[in-house]
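Subject: Structure for you to look over

Dear colleague,

I am passing on the structure below, together with notes on what turned up when its side-chain and strand contacts were gone through. Please read the notes with the structure open beside you.

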Amino acid sequence: TIDPTQEWFQSEHVPQNPPPGYFNYDPNDALHGPPAWGTLNKLNGLLDTAEYKYWEPLQEFLRRDLKDNVCNTGTRQSPIDVRMDAIGGYNFTTDGSIHLPEDKDGADGGYIDGVCHEHHEIRTSPGRLHIHDSEIQKLILPNKLRLVYPFRHPGQDDGTNTDPAAPANSTLFGMGDNSTDPPNPSADFPHQWGGRIDIRHLDVTIPSQHKLEGREYPAEVQIWHLHPRRRRAPIISVMVDLHPQDETN
């Protein structure tokens, strides 16, 4: 659907004295909701947010300066409404069918937004750790639940590999690690990411942070990975829905 079918949960009331860096997801809150996210900076609370404090120790493995707020720039803000009509090259043909973009649609046969250039699906690996293991931190944050997995530093490489289950000649921990039994869950992303990439953490938000074709879902699971050498964090996002007959999954 183009319009939201249902708003599952209302935003919590704003605290009487919001702490520095407070924000919420209420689109009608001009002071703390998405319309105001772009005003947050290192002088008025950005450095006090839970996310900044979480990621700051990993700044050397991230390409973007965490002190730079890119909300309201028009390209990287969240939440996002993923819509087919926002894809470059997408349109309806004269017979009413949907035309998806192709390489030939670009100028001189060049690249065009919306074309899928990947050559395989995302391949996942469960790893050895289980949710009850003490190595996994279980956090209740103001706007989400989070599981934090151990960070395997890139320095733990080849001869200095400290994982007894990984062969001595395995590639770097946390990225391109093709050992047969890595501890962390991981994913092999297409487009030359170079093998499996460790999960960094898993977030559960209620309701979903993002929308599909305008629809908000009851929950969303975001699986964050970190590639220390590429200094990027690819994410797998899964929408959680309710059974229409309210049956147990």
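To begin with a small point of pairing, which residue in β9 is the bridge partner of Asp-81? The partner is Lys-211, and before going further I should say that this is a predicted model, so that everything below describes a prediction.

The strands around that pair

The bridge between Asp-81 and Lys-211 belongs to the pairing of β1 with strand β9 (residues 211-212), which run parallel and are joined by two bridges. These strands are part of an open sheet of three strands, in the order β1-β9-β10 and with mixed pairing. Because β1 and β10 (215-216) each have a single partner strand, they stand at the edges of the sheet, and one side of each is left without a neighbour in it.

Charged side chains

A search of the whole structure finds seven salt bridges, and several of the charged residues come together, with Glu-51, Lys-144, Arg-146 and Asp-203 linked in a network. Within that network, Lys-144 and Glu-51 meet through their side chains at 3.5 Å, N to O; since Lys-144 lies in strand β6 and Glu-51 in helix α1, the pair ties together parts that are 93 residues apart in sequence. Arg-146 also meets Glu-51 in a salt bridge, here at 2.8 Å, N to O, and because Arg-146 lies in strand β6 while Glu-51 lies in helix α1, this pair ties together parts that are 95 residues apart in sequence. As for their surroundings, Lys-144 is buried, with a relative accessible area of 11%, and Arg-146 is buried, with a value of 3%, whereas Glu-51 is partly exposed at 23%.

Another of the salt bridges joins Glu-121 to Arg-123, with the closest N and O atoms 3.9 Å apart. Here Glu-121 counts as exposed, at 53% relative accessibility, and Arg-123 is partly exposed, with a relative accessible area of 40%.

Arg-146 has a further contact to note, in that its charged end sits over the ring of Tyr-54, 4.5 Å from the ring centre. A similar description applies to Arg-215, whose charged end sits over the ring of Tyr-217, 4.3 Å from the centre.

Aromatic rings

The search for aromatic pairs, again over the whole structure, finds four. In one of them, Phe-23 and Trp-37 are arranged edge-to-face, with 5.9 Å from centre to centre and 85° between the planes. Both residues lie in the segment before α1 (50-55), so the pair ties together parts that are 14 residues apart in sequence. Of these two, Trp-37 is buried, with a relative accessible area of 11%, while Phe-23 is partly exposed, with 29%.

The rings of Phe-61 and Phe-151 have their centres 5.2 Å apart and their planes at 50°, so this pair is tilted. Phe-61 lies in the loop between α1 and β1 (81-82), and Phe-151 in the loop between β6 (144-148) and β7 (186-188), so the pair ties together parts that are 90 residues apart in sequence. Phe-61 counts as buried at 7% relative accessibility, whereas Phe-151 is partly exposed, with a relative accessible area of 28%. In addition, ring pairs link Tyr-54, Trp-55 and Trp-224 into a cluster, and Tyr-54 is the residue whose ring lies under the charged end of Arg-146.

Nonpolar cores

The largest nonpolar core has 13 residues, of which Tyr-149, Phe-189, Leu-202 and Ile-223 touch the most other members. The elements that give two or more residues to this core are β8 (196-205) and β11 (219-225), and β8 gives the most, with three residues. If neighbours within four places in sequence are left aside, Leu-202 is in contact with Leu-145, Arg-146, Leu-147, Val-221, Gln-222 and Ile-223. Apart from this core lies another, of eight residues, among them Trp-55, Leu-62, Val-148 and Leu-226; Trp-55 also belongs to the aromatic cluster with Tyr-54 and Trp-224.

With best regards

Key:
Residues are numbered from 1 along each chain as its sequence is written. This is a predicted model: local features need pLDDT of at least 70, side-chain atom pairs count only at pLDDT 80 or more; totals for chains, interfaces and linings use all residues. Side-chain values use heavy atoms; hydrogens and water are left out. Rings of Phe, Tyr and Trp (its six-membered ring) pair if their centres lie within 6.5 Å; planes under 30 degrees apart count as stacked, over 60 as edge-to-face and the rest as tilted. Helices (H or I, at least four residues) and strands (E, at least two) are DSSP runs, numbered from the N terminus. Buried means under 20% relative accessible area, exposed over 50%, partly exposed in between (1.4 Å probe, protein chains only). A charge sits over a ring if NZ of Lys or CZ of Arg is within 6 Å of the ring centre and within 35 degrees of the ring normal. A nonpolar core is a set of buried Ala, Val, Leu, Ile, Met, Phe, Trp, Tyr and Cys residues joined through side-chain atoms within 4.5 Å. Contact means heavy atoms within 4.5 Å. A salt bridge is a side-chain nitrogen of Lys or Arg within 4 Å of a carboxyl oxygen of Asp or Glu. Two strands pair if DSSP finds at least two bridges between them.
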